[in-house]
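Trainee: Got a minute to go through this one with me? I'd like to get a feel for the fold before I set anything up.

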Amino acid sequence: PTVLTSGVPSSPPTPPPTPSPSTSPSPPPTSSPSESPTEAPTPSPSISPSAQPSFVNQCGVDVQVNCVSVDGSVLCQNLTVPAGQCSNGQSITELTFTYTASSCSESSNTQDASFTCIDSNGGPASDEEASIICFDKTTPPVVLANATVTAGSPFAVNGVPASLTCVISNNNQIVQEFSLDTSGTVDLFLKDTYGSVELEACADDSGASSNCLKAVVYTYDLSNVGTNDMTITVVERIRDGQTSDLIDSVPDRELSPGDVTTVTENEVIDVCSDAVAETILNAEADPPAPGATCFGSDTFF
């Protein structure tokens, strides 16, 4: 007879079979190859240092303008305006005028009927040389001044009479005649104008004097503030809109570092004028090659 065993199998059942392989093949590799390496390595840094920059000569010119009275005692900016009245009851001994080439109608004074003026032949020409003769009213008249002038020129009358007459001529042709009271008892002020002249200075027999025109000395200091020798090539002074070349007045154009050379110029300035007396000095200098030209400038008021 068949012997029956217990209901528990003797061993676990066989596991299920593994999955069957997929029917689709795996993706093919990419068709483009990876980037190839660079053909040549970058150059290595140079062992020797780069070239030193070439040396350039440094040029520097400094300019200083100064102005003093002709005796050196007073700075120009400290010069005082004189008393304006010349008529103080004393007899006037000396007068100084500036020729302006103005017409009689441009006169400006307070002498009223004591002053007379007549233009003729077109009046004074501002761009022409003029002859001025001043005299008294004696018979025969005594000539007190005889000057040849251009506009802006001063002239003096000495031994002043009580009444002064002046005749102005251009090219030997009389263009103006005027008379004014110079007795010292009728108004006479500095900067008054009488026809083609302007009063600038006066003196009387008491020794008193007033003068708008002051003699001064300008000094122009040119300094080498660079690192090398330099040669001054240009020195120009500008005043009243006029430019003057002063290079021929420079005593030493070749300057080493730290050296200074000075140009001097004598001038007459009007301390009574309201106009600004501006002086500009421009300078240029050259160092040895390969340096560049340097410039300097200063302004004095």
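**Strands, core and confidence**

Mentor: Sure, let's start with one pair: S69 has V216 as its bridge partner in β12.

Trainee: How many bridges join β1 to β12?

Mentor: Nine, and β1 and β12 (residues 213-224) run antiparallel.

Trainee: Which open sheet do they belong to?

Mentor: An open sheet of three strands, in the order β1-β12-β16, with antiparallel pairing. The edge strands are β1 (61-69) and β16 (260-270), and each of them pairs on one side only. On average, neighbouring strands in this sheet are turned by 20° against each other, direction ignored.

Trainee: OK, stepping back. How many helices and strands does the protein have?

Mentor: Zero helices and 18 strands. Keep in mind that this is a predicted model.

Trainee: What does the pLDDT look like, then?

Mentor: The average over the protein is 87, and 81% of the residues score at least 70. Over residues 1-14 the pLDDT is below 50, and that stretch has zero contacts in the model beyond near neighbours in sequence. Where pLDDT is low, the predicted coordinates should not be read in detail.

Trainee: Noted. What share of the residues counts as buried?

Mentor: 36% of the 301 residues. The accessible surface is about 18,300 Å², and carbon and sulfur atoms account for 53% of that.

Trainee: And what about contacts between residues at least 24 apart?

Mentor: Take the contacts between residues at least 6 apart in sequence: 69% of them join residues at least 24 apart.

Trainee: Which strands are in the five-strand open sheet?

Mentor: The order is β3-β8-β7-β4-β5, with antiparallel pairing. At the edges you find β3 (116-119) and β5 (143-149); each has a single partner strand, so one side of each is left without a neighbour in the sheet. Neighbouring strands here are turned by 15° against each other on average, direction ignored.

Trainee: How are those strands joined? Start with β7 and β8.

Mentor: Strand β7 (residues 163-170) and strand β8 (residues 173-181) run antiparallel, with eight bridges between them. One pair to look at is S169 with I174, its bridge partner in β8.

Trainee: And how many bridges go from β4 to β7?

Mentor: Five, again antiparallel. I132 is the residue standing opposite I168 in β7.

Trainee: What about β4 and β5?

Mentor: Six bridges join those two, and they run antiparallel. The bridge partner of S131 in β5 is T148.

Trainee: New topic: I keep clicking on P124. Where does it lie?

Mentor: P124 is in the loop between β3 and β4 (130-135).

Trainee: A loop residue, OK. Is P124 buried or exposed?

Mentor: It counts as buried, because its relative accessibility is 13% and the cut-off for buried is under 20%.

Trainee: What does P124 touch?

Mentor: Leaving out residues up to four places away in sequence, P124 touches Y99, A101, S102, D119, N170, V175, Q176 and S196. As for S169, its C-alpha is 7.5 Å from that of P124, with the two positions 45 residues apart along the chain.

Trainee: Now the nonpolar core. How many residues does the largest one have?

Mentor: 57 residues, and the ones with the most contacts inside it are F97, V157 and Y194. In soluble globular proteins, nonpolar side chains tend to be buried together.

Trainee: What is F97 in contact with?

Mentor: Setting aside neighbours within four places in sequence, the contacts of F97 are S153, P154, F155, V157, L164, Y194, V197, E198, L199 and E200.

Trainee: And L95, where is that one?

Mentor: L95 is in strand β2 (residues 92-99). L95 is buried, with a relative accessible area of 0%.

Trainee: So what's around L95?

Mentor: Beyond its neighbours within four places in sequence, L95 contacts F155, A156, V157, V160, T182, L188, L199, A201 and C202. Of these, T182 is 87 residues from L95 in sequence, at a C-alpha to C-alpha distance of 9.1 Å.

Trainee: Last one: is T96 buried or exposed?

Mentor: T96, which lies in strand β2, is buried with a relative accessible area of 15%. Its contacts, leaving aside neighbours within four places in sequence, include P154, F155, A156 and L213.

Definitions and conventions:
Residues are numbered from 1 along each chain as its sequence is written. This is a predicted model: local features need pLDDT of at least 70, side-chain atom pairs count only at pLDDT 80 or more; totals for chains, interfaces and linings use all residues. Side-chain values use heavy atoms; hydrogens and water are left out. Helices (H or I, at least four residues) and strands (E, at least two) are DSSP runs, numbered from the N terminus. Buried means under 20% relative accessible area, exposed over 50%, partly exposed in between (1.4 Å probe, protein chains only). Contact means heavy atoms within 4.5 Å. Accessible areas come from the Shrake-Rupley method with a 1.4 Å probe; for residues, only the protein chains shown count as cover. Two strands pair if DSSP finds at least two bridges between them. Axes are lines fitted to C-alpha atoms, for helices over the stretch in contact, and angles run from 0 to 180 degrees between N-to-C directions. A nonpolar core is a set of buried Ala, Val, Leu, Ile, Met, Phe, Trp, Tyr and Cys residues joined through side-chain atoms within 4.5 Å. pLDDT is the predictor's confidence in each residue, from 0 to 100.
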